[in-house]
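Reader: I am new to this structure and would like a close look at a single part of it, with each term explained along the way. Please take one loop and the strands around it, and then set that part within the whole chain.

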Amino acid sequence: QIQLVESGGGSVQAGGSLRLSCAASGYRHSGLCMGWFRQAPGKEREGVARFDSSGGTTEYADSVKGRFTISQDNAKNTLYLQMNNLKPEDTAMYYCAAAPCSYSYSDYFRSLPSFGYWGQGTQVTVSS
């Protein structure tokens, strides 16, 4: 059974930093890759970043490139999202996700309701 538990959210001022963590279990050798998405009230789900463990590659939404870094510590079964230079528009609930690696970046996040898993989320609030 795949379980994902996020932590590390909080409230910061614009320009600040946060590091989110996701403790994962049950996903290894399942053909799933890990990622982060976010959802703000009244807005659609937005894919933030994905870590492709098969090739060690990372992909990011244009809105966070150069500011966010996704990484994975296999020894600790933990996924991270380092968020720097945060902006008010980054305010959202952030979710850790696991979905098939075979999908393209955009399809990866679309596949979540049918083929993926996600945690309970952690709130990030950025004030101006």
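Author: N77 sits in the loop that joins β7 (68-73) to β8, where helices (DSSP runs of H or I, at least four residues) and strands (runs of E, at least two) are numbered from the N terminus. The phi angle of N77 is near 50 degrees, which is a positive value in a residue other than glycine. With a relative accessibility of 27%, N77 counts as partly exposed, a class that lies between buried, under 20% relative accessible area, and exposed, over 50%, as judged with a 1.4 Å probe and protein chains only. This is a predicted model, in which local features need pLDDT of at least 70 and side-chain atom pairs count only at pLDDT 80 or more, while totals for chains, interfaces and linings use all residues. Residues are numbered from 1 along each chain as its sequence is written, and side-chain values use heavy atoms, with hydrogens and water left out.

From this loop the chain passes to T78, which belongs to strand β8 (residues 78-83). T78 is buried, at a relative accessible area of 12%, whereas N77 is partly exposed. A polar atom of the T78 side chain lies 2.9 Å from the backbone oxygen of K76; a polar contact is a pair of N or O atoms within 3.5 Å, and within protein one of them must be able to donate a hydrogen and the other to accept it, with residues adjacent in sequence counted only if both atoms are side-chain atoms. Leaving out residues up to four places away in sequence, T78 touches S21, C22, A23, S71, Q72 and D73, contact meaning heavy atoms within 4.5 Å. T78 and A99 are 21 residues apart in sequence, and their C-alpha atoms are 16 Å apart in space.

On the other side of the loop, strand β7 holds T69, which is partly exposed with a relative accessible area of 41%. Apart from residues up to four places away in sequence, T69 touches Y60, Y80, L81 and Q82. Between T69 and A99 there are 19 Å in space, C-alpha to C-alpha, and the two are 30 residues apart in sequence.

The loops before and after this part can be read in a similar way. D62 has its place in the loop between β6 (57-60) and β7, and at 65% relative accessibility D62 counts as exposed. The side chain of D62 makes a polar contact with the side chain of K65, at 3.1 Å. D62 and P100 are 38 residues apart in sequence, and 22 Å separate their C-alpha atoms in space. In the loop between β8 and β9 (92-100) one finds N85, which has a positive phi of about 50 degrees although N85 is not a glycine. N85 is partly exposed, its relative accessible area being 43%.

Further along the chain, T122 lies in strand β11 (residues 122-127) and is buried, with a relative accessible area of 10%. A polar atom of the T122 side chain is 3.0 Å from the backbone nitrogen of G9. Without its neighbours within four places in sequence, T122 is in contact with E6, S7, G8, G9, L20, A92, M93 and Y94.

As for the chain that holds these parts, its secondary structure comes to 2 helices and 11 strands, in the order β-β-β-β-β-β-β-β-β-α-α-β-β from the N terminus on. The radius of gyration of the chain is 14 Å, close to the 14 Å that the globule rule gives for 128 residues, so the chain is as compact as a globular protein of that length; this radius is taken over C-alpha atoms, and the rule is 2.2 Å times the number of residues to the power 0.38. Along the principal axes, the C-alpha atoms fill a box of roughly 40 × 30 × 25 Å. Of the 128 residues, 46% count as buried. Among the contacts in the chain with a separation of 6 or more, 60% come from residues 24 or more positions apart.
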